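Let's take a walk through this model, starting with one helix and working outwards to the way the chains meet. Keep the viewer open as you read.

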Amino acid sequence: MIQQVEFSLPQYSRGFHIITNKVLDNIGELPEKGVLHVFIKHTSAGLTINENADPTVLHDFESSFNHIVKENEPFYKHTYEGSDDMPAHIKSSFVGSSVSIPITNYRLNLGTWQGIYLCEFRNNGGRRNLILTINY
Amino acid sequence: MIQQVEFSLPQYSRGFHIITNKVLDNIGELPEKGVLHVFIKHTSAGLTINENADPTVLHDFESSFNHIVKENEPFYKHTYEGSDDMPAHIKSSFVGSSVSIPITNYRLNLGTWQGIYLCEFRNNGGRRNLILTINY
Amino acid sequence: MIQQVEFSLPQYSRGFHIITNKVLDNIGELPEKGVLHVFIKHTSAGLTINENADPTVLHDFESSFNHIVKENEPFYKHTYEGSDDMPAHIKSSFVGSSVSIPITNYRLNLGTWQGIYLCEFRNNGGRRNLILTINY
C-alpha cells in the first residue's frame, strides 16, 4: 500500500539544515512497518541523513562541500545563473535527491544520532518542494 | 504490488546523458501512485537526477567529476583495467547505483528541471543494463 | 507486503568491506520479485555497491576517500571526537546511508561484479546496526 503527500519547506539559507520534524509534521500516523521515501523536486538542493546533535557539523558540511566542489572553476561553461549554480548541481548529485528510511513499530527507525538534512546549495534557493511516499 | 522490467541501454560515450525517455519507453502504463526504482547493474557507471535543460550542465558534470576524482593518482593499485577504471568506480559510488522517483497521478513526479542521468564513467563502457521496479 | 529485520555486523576495521553474504545470511527466503532496502543506523559509516572481485579496489576506495575528504582541514570546527570523525560524516553523505537492490526470481538481481560495501570511516567504529526491509 502507498501513502503520499507533497509539501513545501519554508525557505532556508544556503547550508545544511535538519528537517526531520518538518517531514514528520507532514505525514500522518506512520504504519507499523514500511519504508519512507523523501524526494526533493529540485536540482540545486539535495537530501541526506547525518548527525543531528552538534551544530558545528552542519557548519563543517558547508565548508567541506565548498572546498571539494569549488565555485568559479575555469572549466565551468554553465555560468549564467551565478557562481553558486553549477557547484550546486554537482553537490546535489553527491548527496542525491532522495533518502529512504525504514519504519518500524509506527516510527522512523533512525539511529540515535541520525537526522534528515536539507542541503541548500544555492544562495537564494527559495522554497523547496518535497514528496513523501510510504510503502507499507 | 510489484512491476519489474530489465533492459539494455544503447552504448553511450563517456559522460553524462539524460535517459528519462529511455526509461519511460521501457515501462508500460504507470500506476496511480507509487515509487519507481531504477537500478544499474554495473560498477563503473552510475545514475543520478539533475538538470535536464542546458547541455553545458552535462559538460560541467564531466569536467567536475574528472577534476575531483583524478586518473593516474599515485596511490591507485587497481590499474590493470586502464586509467579510467578506478576513478569510474569511485565516481559511481559518489552518485550511486540507483535512483528512486515518486509516481503520482500515473506520471513520474519529477520537478520541472529534473531528468534521469546515465553517468558513463568508462571510455568504452559498452551497453549498460538497467532494472526498473515499481512499488505500488 | 513488507518483511523487515534488524541486525548487527561484526566490528570492521576502517576501510571498505564486502558484506553481501552477511546481508543475505540475515534475511530468510527472498520473495519472487521486489526491492531490498539496506539501511545503516549510523552517521560515520555508509553503504554503497561496487566491485566485488579485486581487493585492491577496496584499498583504492580508502585512499581516494581520504584524499578527497581530508582530515585536519583548518576549517573544521567539529574536532573533539578525533581527526577521523568529521571526514567520516562527509564521506558517509557521499555514499549514503542506504542501498536498494531489485529482487528477481527469489534472488538479489545484482550485476556480476556488484557487491554491497560497508564503508567504515572511523578508526574504531564499533559494531554497526543495519535494517533490511523488503517491499514485495
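Before looking at what covers what, one cut-off is handy: two residues are in contact if their C-beta atoms, placed from the backbone, lie within 7 Å. Bear in mind, too, that this is a predicted model.

Start with helix α2 of chain A, residues 55-68. This helix has 14 residues and reaches 20 Å from its first C-alpha to its last, close to the 20 Å expected at 1.5 Å a residue. Which residues of α2(A) are buried? They are Val57(A), Leu58(A), Asp60(A), Phe61(A), Ser64(A) and Phe65(A). Look down the axis of α2(A) and these buried residues fall within an arc of 165 degrees, so they line one face of the helix. A bit of helix geometry helps here: an α-helix has 3.6 residues a turn, so residues three or four places apart point the same way.

And what sits over that face? The cover for the buried residues of α2(A) includes β2 (15-18), β4 (45-51) and α3 (85-95) of chain A, along with α3 (85-95) of chain C.

Now follow β4(A). In this strand, 7 of the 7 residues are buried, so β4(A) is largely enclosed by the rest of the structure. Its pairing with strand β7 (residues 114-120) of chain A is antiparallel and runs over 7 bridges. To pick out one spot, Asn50(A) has Gly115(A) in β7(A) as its bridge partner.

Time to zoom out to the copies. A turn of 120 degrees with a shift of 0.0 Å along the axis lays chain B on chain A, at an RMSD of 0.0 Å. The two copies are therefore related as by a three-fold rotation axis. In chain B, the C-alpha nearest that axis belongs to Phe94(B), 3.2 Å away from it.

Where chain B meets chain A, 31 residues of chain B are in contact with 27 residues of chain A. On the chain B side, α2(B) gives the most, with 9 residues. That side divides into 12 nonpolar, 15 polar and 4 charged residues.

Over at chain C, the contact takes 27 residues from chain C and 31 residues from chain A. Here the largest share of the chain C side, 6 residues, comes from α3(C). The chain C side splits into 10 nonpolar, 14 polar and 3 charged residues.

Why do we say that the copies meet through different surfaces? Because only 16% of the interface residues of chain B are also interface residues in chain A.

Definitions and conventions. Residues are numbered from 1 along each chain as its sequence is written. Chains are lettered from A and ligands numbered from 1 in the order in which they are written. This is a predicted model: local features need pLDDT of at least 70, side-chain atom pairs count only at pLDDT 80 or more; totals for chains, interfaces and linings use all residues. Copies are superposed by least squares on the C-alpha atoms of residues with pLDDT of at least 70 in both. Helices (H or I, at least four residues) and strands (E, at least two) are DSSP runs, numbered from the N terminus. The expected span of a helix is 1.5 Å times one less than its number of residues. A residue is buried if 20 or more other C-beta atoms lie within 10 Å of its own, exposed if 12 or fewer, and partly exposed in between; C-beta atoms are placed from the backbone. The arc is that of the directions from the helix axis to the C-beta atoms. Two strands pair if DSSP finds at least two bridges between them. Ala, Val, Leu, Ile, Met, Phe, Trp, Tyr, Cys and Pro count as nonpolar, Asp, Glu, Lys and Arg as charged, and the others, Gly among them, as polar.
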